[in-house]
Amino acid sequence: MKIAMLASECTPFIKTGGLADVVGALPAVLQRLGHDVVVILPAYSLNTYPDGKLTPFFSKMGVKMGGKEEWCSVHYADNAEGVRHYFIEFNQYFQREGIYNNSSMKEFDDNAERFSFFTKAALQLLKDMKFSPDVVHAHDWQTALAPAYVTEMRKADKCCFSNTKTILTIHNVGYQGLFSAQSYSYIGLPWSAFTSDILEDYGKINFLKGGIYFADKVTTVSPTYAAQIRHDSHLSFGMDSFLRAKKDNFVGILNGVDYTLWDPRTDKKIPAHYWKGKWKGKAVCKKELQRRFRLSDDAAVPIVGIVSRFAEQKGLDILASTIEAVLNTMHIQIAILGSGDSRLEHYYGTLPQKFHGRFGSFIGYDDDLAHLVEAGSDFFLMPSRYEPCGLNQLYSLRYGTLPIVRATGGLDDTIEQYTEKNGKGTGFKFDDLTPNALYDTIGWAVSTWYDRKKHITSMKNRAIGQDFSWEASAREYEELYRS
Ligand code: ADP
Ligand code: GLC
């Protein structure tokens, strides 16, 4: 099949979260399964191109937006897996200090224009280079208008996208792309689509809602999250009835892990390699983590690691209300890497002064450090309010770092609860997101560390051997494309 992926993030070029990991990994696996995949991305000035320079592809491409035509250019890069990546260059929109927000985390005022333009340009590119896809696969609100544009472009020119089906993957229904109706004329879709069952949302334009309506198939990134947002208006941020209306055309497919990047046997970003039965390297990583985060050099004390966006979704405000009690009563160390909410940045950024040598933080975004936290920690904490899939707990399993997670969405699907009777399980789960439940569950993990050492060893061996590689999930996408 010919597949075109449209997204706003993709490793190794640009990443703010798990979306980039998925768009970076899935196309290569589909290509290996014999499909012809192209990935189209914005040419942000912040992109990095590790495999060398870009090749100019189209120096001038016209994109009709509402009443006017914008002129952009297109560049091209191959990757080792044979996936072709195209980059839409339009400096007015993509030469910025951030990709969605400015440095004070304020969303750009023209995100509706920026991402509708990008989506339309990506489809124009497919048309101009005569790549007639069997499937256009869009991701999240940023490219959620693709199914609507495909429908319109087909109406205007019968040959264009005549055999194309569309898929929208929702990585997080909490971000919908909600914009003032003033942008509607620029977006250039017919006013007949600006109704409350299609694109209109209490007077605003809702990109994701439009995507759900027009896409032939809608997916999200774990079965449990699919069930949650189909039925719960709170968790679905109001999208549940529209998702229910898709019936069988809405499914959950679990994300996989790119083990070429995340494996303690080969990871280039950690100081020593290790595996089941050869755990020495993990001790080296722990020592290095303690050094980097200014924690006391002590192999016997367990480290709880966190790598996260500081967003409401991640529950780190609840952790803030119990972390001092944890540190005051338990013999542990905590290492946090993250950024986002300024109050949490300030709180976690200054806490090391109070718990010198026992709490360490790095406020910022640092991929190398993320790998070190995964490898050097003994436990990995994700107290999420909701979690569509979550990748860090899957990375943790592979690094023999036992996840402590809230039982929600993909976290619930991927972590098996520890059983004290027999030492079975791969992590520690709790249901209610309250400071008490969080405190108790961290306590449970820590007491297991000190009192049931054998269980920790068997859990680590079980965790590191789990297989969440992309193949199985890619085959599910393949089935969906075929259908
Ligand atoms: P989400 O996409 O909701 O942020 P995921 O668990 O799916 O959550 O993916 C997060 C990805 O972003 C992981 O690859 C994680 O390592 C990475 N990440 C998050 N915060 C940071 C950070 N501060 N520095 C480096 N990597 C980070
Ligand atoms: C979103 C979700 C996260 C998921 C990621 C990749 O950012 O918050 O749970 O793993 O997308 O699908």
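Helix α1 is mostly covered: of its 15 residues, eleven are buried. That is a good place to enter this model, which is predicted. The helix spans residues 18–32. From its first C-alpha to its last, α1 reaches 22 Å, close to the 21 Å expected at 1.5 Å a residue.

Which residues of α1 are buried? Leu19, Ala20, Asp21, Val22 and Val23 are among them. Further along the helix, the buried residues include Ala25, Leu26, Pro27, Ala28, Val29 and Leu30. An α-helix has 3.6 residues a turn, so residues three or four places apart point the same way.

What do the buried residues of α1 pack against? Three of the partners are strands: β1, β2 and β6. The others are helices, α14 (392–398) and α18 (470–482). Just after α1 comes Gly34, which takes a positive phi of about 105°.

Now turn to the sheet. Nine strands form it, and the sheet is open. Read across, the order is β3-β4-β5-β2-β1-β6-β7-β11-β12. The pairing is mixed. Two strands sit at the edges, β3 (55–65) and β12 (250–252), and each pairs on one side only. From one strand to the next, the twist averages 25°.

One pair of strands can be followed in detail. Strand β2 covers residues 36–42, and strand β5 covers residues 84–89. The two run parallel, and five bridges join them. Pro42 stands opposite Ile88 in β5.

Other helices lie across this sheet. Helix α4 takes in residues 146–156. It lies across β1 (2–6), β3, β6 (135–139) and β7 (165–170). Its direction is at about 145° to β6. Helix α7, residues 223–231, lies across β11 (217–220) and β12. The angle between α7 and β12 is about 140°.

Finally, step back to the whole chain. How is the protein chain divided? Domain 1 holds residues 2–256 + 471–482, and domain 2 holds residues 280–464. Domain 1 is thus written as two stretches of the chain. The centres of domain 1 and domain 2, taken over C-alpha atoms, are separated by 33 Å.

The two domains also touch. On the domain 1 side, 20 residues are in contact with 18 residues of domain 2. Between them, domain 1 and domain 2 bury about 1,400 Å². Of that buried area, 57% is on carbon and sulfur atoms.

Note on methods: Residues are numbered from 1 along each chain as its sequence is written. Chains are lettered from A and ligands numbered from 1 in the order in which they are written. This is a predicted model: local features need pLDDT of at least 70, side-chain atom pairs count only at pLDDT 80 or more; totals for chains, interfaces and linings use all residues. Side-chain values use heavy atoms; hydrogens and water are left out. Two strands pair if DSSP finds at least two bridges between them. Helices (H or I, at least four residues) and strands (E, at least two) are DSSP runs, numbered from the N terminus. Axes are lines fitted to C-alpha atoms, for helices over the stretch in contact, and angles run from 0 to 180 degrees between N-to-C directions. Contact means heavy atoms within 4.5 Å. The expected span of a helix is 1.5 Å times one less than its number of residues. Buried means under 20% relative accessible area, exposed over 50%, partly exposed in between (1.4 Å probe, protein chains only). Domain bounds come from an automatic or database domain assignment. Buried area is the accessible area (1.4 Å probe) that two parts lose on being put together, summed over both.
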